[in-house]
Amino acid sequence: MNKKISVKITIILIMTVILTVPSTMLQISQAQISQSDQNTILSMHNDERKEVNSPPLTWSNILATQSQDYANQLSTMGLVCNAQQCDQTPHGASNENLAGGSPGTSIATHVQGWADEKSDYNGQPIPSGNNPAGHYTAMVWQNTKEIGCGFASSGQMDFLVRRYNPPGNLPE
């Protein structure tokens, strides 16, 4: 009799915990970038870095998880990118590159857009405020060692979030 009551109490306690703990605490966020996209991202970054004698980057699952969490958050904000408008994507951290665009734009296209900013970089110290080559300089920053990336889509807009460690291309 006591075993039946003990089992019932245990089941009730387990169910109570499951129903009261937020689901975000029960599941670990995993980056949604495929291995192929990871390889593309790393390759594109490291090709740019090689041109300016910066050491190659490695992939960080921690940064990828952080990036994925923020990409997921952006996808719930109601931002839109279509023929009529493309909303500005707000930054979530100082060590990131963001790309927001029409649904279906490839990850490689977004990364190439950052790399194409090298034509706007004159090799001088990074200015404060609006830096037309900020994405590019983050890609090739000499002291940066790791990157991670996350991607999400709201159906109205795609979001690519890239985080770097350590960050560096910001004015002091």
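## Helix H4 and its buried face

In this predicted model, the buried residues of helix H4 are Leu63, Ala64, Ser67, Gln68, Tyr70, Ala71 and Leu74. These buried residues pack against strands S1, S2, S3 and S4. An α-helix has 3.6 residues a turn, so residues three or four places apart point the same way. That spacing can be followed along the list for H4, which includes Leu63, Ser67, Tyr70, Ala71 and Leu74 among its buried positions.

The length of H4 can be checked against its residue count, because 14 residues at 1.5 Å a residue should span 20 Å, and the end C-alpha atoms of the helix are 20 Å apart, which agrees.

## The sheet

The sheet against which H4 lies is open and is formed by four strands in the order S1-S3-S4-S2, with mixed pairing. Strand S1 (58–59) and strand S2 stand at the edges, and because each has a single partner strand, one side of each is left without a neighbour in the sheet. At the S1 edge, S1 and S3 pair in the parallel sense over two bridges, and within this pairing Thr58 stands opposite Glu146 in S3. Helix H4 (residues 61–74) packs on the sheet and touches S1, S2, S3 and S4, while its direction makes about 25° with that of S3.

## Nonpolar cores

Which residues touch the most other members of the largest nonpolar core? Of the 20 residues in that core, they are Ile41, Trp59, Val111, Met139, Ile147 and Leu160. The core draws at least two residues from each of helix H3 (35–51), helix H5 (107–115), helix H6 (134–140), strand S3 (146–153) and strand S4 (158–165). A second, separate core holds 10 residues, and Tyr70, Ala71, Met157 and Val161 are among them; of these, Tyr70 and Ala71 also appear among the buried residues of H4. As a general tendency, nonpolar side chains in soluble globular proteins are buried together.

Ile147 gives a closer view of the larger core. With its neighbours within four places in sequence left aside, Ile147 is in contact with Ile41, Leu42, His45, Leu57, Thr58, Trp59, Ser60, Leu63, Arg162, Arg163 and Tyr164. These contacts include Ile41 and Trp59, two residues named with Ile147 as touching the most other members of the core. They also include Leu63, a buried residue of H4.

Gln38, a residue of helix H3, also has a contact to Trp59. It counts as buried because its relative accessibility is 13%, under the 20% limit. Apart from neighbours within four places in sequence, Gln38 is in contact with Ile33 and Trp59.

## Salt bridges

How many salt bridges does a search of the whole structure find? The search finds three. In one of them, the side chains of Arg163 and Glu96 meet at 2.9 Å, N to O. Arg163 lies in strand S4 and Glu96 in strand S2 (residues 96–101), so this pair ties together parts that are 67 residues apart in sequence. Both Arg163 and Glu96 are buried.

The other bridges involve Lys118: salt bridges that share partners join Glu48, Glu51 and Lys118 into one network. Glu48 and Lys118 meet through their side chains at 3.0 Å, N to O, and this pair links distant parts of the chain, with Glu48 in helix H3 and Lys118 in the loop between H5 and H6, 70 residues apart. The side chains of Lys118 and Glu51 meet at 3.4 Å, N to O, which again links the loop between H5 and H6 to helix H3, here over 67 residues. The members of the network vary in their exposure: Glu48 is buried, with a relative accessible area of 8%, Lys118 is partly exposed at 31%, and Glu51 is exposed at 56%.

## Backbone details

Two local features of the backbone deserve separate mention. A cis peptide bond, with omega about -15°, joins Asn165 and Pro166, and Pro166 itself is placed in the segment after S4.

The other feature is at Asn53, in the loop between H3 and S1. Its phi is near 60°, a positive value in a residue other than glycine. Asn53 counts as exposed because its relative accessibility is 66%, which is over the 50% limit.

Key
Residues are numbered from 1 along each chain as its sequence is written. This is a predicted model: local features need pLDDT of at least 70, side-chain atom pairs count only at pLDDT 80 or more; totals for chains, interfaces and linings use all residues. Side-chain values use heavy atoms; hydrogens and water are left out. A nonpolar core is a set of buried Ala, Val, Leu, Ile, Met, Phe, Trp, Tyr and Cys residues joined through side-chain atoms within 4.5 Å. Buried means under 20% relative accessible area, exposed over 50%, partly exposed in between (1.4 Å probe, protein chains only). Contact means heavy atoms within 4.5 Å. A salt bridge is a side-chain nitrogen of Lys or Arg within 4 Å of a carboxyl oxygen of Asp or Glu. Two strands pair if DSSP finds at least two bridges between them. Axes are lines fitted to C-alpha atoms, for helices over the stretch in contact, and angles run from 0 to 180 degrees between N-to-C directions. The expected span of a helix is 1.5 Å times one less than its number of residues.
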